[in-house]
Amino acid sequence: MPTASDFERLLRGASLRVTAPRIAVLSAVHSHPHADTDSIIGVVRQNLGAVSHQAVYDVLRALTGAGLLRKIEPQGSVARYEARVGDNHHHVVCRSCGAIADVDCAVGHAPCLDASDDHGFVIDEAEVIYWGSCPECTTAAKSS
């Protein structure tokens, strides 16, 4: 888990001002991958006390825009945030409980970046979401 000084370096490296809310949001997302905004607000408030919803939304927008966080929006789910950026990974989502896990892309050549027709786009990222049942929901379904 990165430290506050690691987060300060990240912010400065992205030419962002170092503020307590930005450090708190980075820390919350690093410690709670794939968290939604309300969960992040709860963690930030535990660490900082009073902070507005809007302040957290603004920080999430700034950190995502700077490439320090990634926003994912699985179909039927609220936006979620993760600190794993800069690689071409995907996600698996449980249809029952909404749990999300990272799935690494193919090692070496990433076939998901070779579209059958790129329509002239220069593709630098692909977002694949696998859907299914997580181990807990599969076990619960077998038990009932």
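Q: The backbone oxygen of which residue lies 3.0 Å from a polar atom of the Arg80 side chain?
A: This is a predicted model, in which local features need pLDDT of at least 70 and side-chain atom pairs count only at pLDDT 80 or more, while totals for chains, interfaces and linings use all residues. Residues are numbered from 1 along each chain as its sequence is written, and side-chain values use heavy atoms, with hydrogens and water left out. Arg80 lies in strand β3 (residues 80-82), a strand being a DSSP run of E of at least two residues and a helix one of H or I of at least four, numbered from the N terminus. The backbone oxygen 3.0 Å from the Arg80 side chain belongs to His34.

Q: What is the length of the polar contact that joins the side chains of Arg80 and Ser77?
A: A polar contact is a pair of N or O atoms within 3.5 Å; within protein, one must be able to donate a hydrogen and the other to accept it, and residues adjacent in sequence count only if both atoms are side-chain atoms. For the side chains of Arg80 and Ser77 the value is 3.2 Å.

Q: How far from Arg80 is the nearest side chain of opposite charge?
A: Lys and Arg count as positive and Asp and Glu as negative, with His and the chain ends not counted. A salt bridge needs a side-chain nitrogen of Lys or Arg within 4 Å of a carboxyl oxygen of Asp or Glu. Arg80 is buried (under 20% relative accessible area with a 1.4 Å probe, protein chains only; exposed is over 50%, partly exposed in between), yet has no salt bridge. The nearest side chain of opposite charge is that of Asp36, at 4.7 Å.

Q: Which helix gives the most residues to the largest nonpolar core?
A: A nonpolar core is a set of buried Ala, Val, Leu, Ile, Met, Phe, Trp, Tyr and Cys residues joined through side-chain atoms within 4.5 Å. Here the largest has 24 residues, of which Val25, Ile40 and Leu63 touch the most other members. Elements giving two or more residues to this core are α1 (4-13), α2 (20-31), α3 (37-48) and α4 (53-65). With 6 residues, the one that gives the most is α2.

Q: Within what C-alpha distance do the four UniProt "binding site" residues gather?
A: The unreviewed UniProt entry places this feature at Cys94, Cys97, Cys134 and Cys137; positions follow the numbering used here, feature names are shortened, and annotations may be inferred rather than shown by experiment. The residues span 44 positions in sequence, yet they gather at one spot, because no two of their C-alpha atoms are farther apart than 8.1 Å.
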